[in-house]
Amino acid sequence: MANIAVIGTNYVGLVTAACLADLGNCVIGVDIDARKIEQLARGQLPIFEPGLEEIVARNLRAARLRFTTSYADALACAEFAFVCVGTPSGAEGEVDMRQVRSAAEGLGRHARKYCELVVVNKSTMPIGTGDWMLPALQRTAGGSGARFQVVSNPEFLREGSAVNDFRHPDRVVLGGADAQALERVASLYRDLSPEPRIIRTDVRTAEMIKYASNAFLATKISYINEIASICERVGADVTEVARGMGLDRRIGSEFLEAGVGYGGSCFPKDVKALAHMASMAGAHPQLLRTVMEINRDMRRLALQKVRAELGSLEEQSIGVLGLAFKPNTDDLRESPAIEIIHLLEAEGAEVKAYDPAAMLAAAAVLPAVELCPDAYAVAEGADALMLLTQWTEFRRLDMCRIRQSMRCPVLLDGRNFYDPREMVALGFRYHAIGRSSQPGCGQGSGTIGSQSADEQDADALRRDRTPVAV
Ligand code: NAD
């Protein structure tokens, strides 16, 4: 069993620390956020992640897991240091490396004298970071006699199913120059059952695998959203199209859900960062740019559908169901719902909202939004309702009651979550993404009724982007 320090204890760090402890290792989580560390020491989680609280509690009790703000404390016995700090976007789309630099500084300064520390980069870091990190650690450690190895081990977990993803990864990617260090990190994953497939490669390739994977998944989402836009114009149903495509094993069914686009703390920043790195390296990342553009357009198109129903949004009461960027998380970072709310507010709408897990986080970022105790309170007196995160609990809503309590029964289903025919039968003026509320109703059938000026604007927006006429 190994002694491990985990640097950064939020979504990735906390899952990593708890799951490594659960495998029998002795793990210390380090964070610069003292409040978070105090909370964690009491077994309280700073984030919502299904199944995690129990694992943290179990391992705290067994004394295999503890938390500190002190690098010296965490590194006193550590053989491995997993770096799990944030790598957000900078102003130009580049990666803001301040957290990584400060983590490297802490590791270099406090590594045990005359001992070897394997630094495992789990954060998504720009290509070349591993090569930069080794001399940076050595420089900071000075003449302490501490030795370092750097292994890139990008994380692929998904918020909402992070524990399961850690325990059953599709693959573990390890990149590094030192074969022994790679083996030592690989041995930590051998305790997983079944033993995962391990890809060993060089640092830069490992770093690139992470960016290329996230950019590919984002591309799939933007691709199906492009198809959704075409479906609306030609009278096809994107959900059926995606089902028909996804059954082809070469394509696969995941990440083929049309809607208001991708969000979260990874896809937006990682696609941006890869495009930025590509440009800096002299490449021409035109596909990545289009992926981002389509994603932005999906937010605007959702708004245009509501505007087409209500005319001006000034002083209209708009209810929003779902704020987190996806179900089963409280993470609001780059959430489509947050971006759409900002657009609604800019047009003078009054917004009410509810999310099953993200209300605390929402209070901090949406000061002008009325946060409601449940979906029914959101619908009360609303001129339109927008479903923006597909939480399972929204499936169980009494939609008849929702419809009756609204001032105007406009429902924008930004995730193609409901059955269009059922919603129309209940009396909603129902709009989805890339599908009609009436089967087989032909051209331009993404919504009921004839095309309004706003819908024509939306079409113009798509045409501007896509030179080929559909
Ligand atoms: P986060 O921003 O939520 O958490 C980072 C944590 O690191 C915070 O608790 C912060 O206080 C702490 N921190 C910052 N600087 C520190 C320092 N110098 N020393 C110690 N702690 C420090 O980030 P996250 O969502 O957990 O993601 C971490 C990394 O993993 C990112 O690079 C991200 O792109 C990548 N990733 C995230 C996910 C995900 O679903 N969130 C999935 C795969 C990969």
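Colleague: Which element gives the most to the shell around the ligand?

Modeller: α5 does, with three residues. The model is predicted: local features need pLDDT of at least 70, side-chain atom pairs count only at pLDDT 80 or more, and totals for chains, interfaces and linings use all residues. Residues are numbered from 1 along each chain as its sequence is written, and side-chain values use heavy atoms, without hydrogens and water.

Colleague: Which of the 28 residues around the ligand come nearest?

Modeller: They are Asp31, Lys36, Tyr71, Thr87 and Ser102. A residue counts as near if one of its heavy atoms lies within 4 Å of the molecule. The shell divides into 11 nonpolar, nine polar and eight charged residues; here Tyr and Pro count as nonpolar, Asp, Glu, Lys and Arg as charged, and Gly as polar.

Colleague: Why is the pair of serine 102 and the ligand called a polar contact?

Modeller: A polar side-chain atom of serine 102 lies 2.5 Å from a ligand nitrogen. A polar contact is a pair of N or O atoms within 3.5 Å, so this pair qualifies. Tyrosine 11 has a backbone N or O atom 3.2 Å from a ligand oxygen, and serine 265 has a side-chain N or O atom 3.4 Å from a ligand nitrogen.

Colleague: How much of the ligand's accessible area does the protein cover?

Modeller: On its own the ligand has 840 Å² of accessible area (Shrake-Rupley method, 1.4 Å probe), and the protein covers 93% of it. Elements giving two or more residues to the shell are α1 (11–22) and α5 (98–110); helices are DSSP runs (H or I) of at least four residues, and strands (E) of at least two.

Colleague: How much space lies in the second largest pocket, and which residues are closest to its centre?

Modeller: About 610 Å³ lies in the second largest pocket. Of its 21 lining residues, Tyr11, Pro46, Ile47, Asp330 and Ala361 are closest to the centre. A pocket is an open set of points on a 1 Å grid where a 1.4 Å probe fits, with protein on both sides within 12 Å along at least five of seven lines; lining residues have an atom within 4 Å of a point. α14 gives the most to this lining, with five residues.

Colleague: What makes the peptide bond between serine 193 and proline 194 stand out?

Modeller: That bond is cis, with omega about -5 degrees. Most peptide bonds are trans. Proline 194 sits in the loop between α8 (179–189) and β8 (198–201).

Note on methods
A polar contact is a pair of N or O atoms within 3.5 Å; within protein, one must be able to donate a hydrogen and the other to accept it, and residues adjacent in sequence count only if both atoms are side-chain atoms. Grid points are joined across faces, edges and corners, and a volume is the space filled by probe spheres set on the points.
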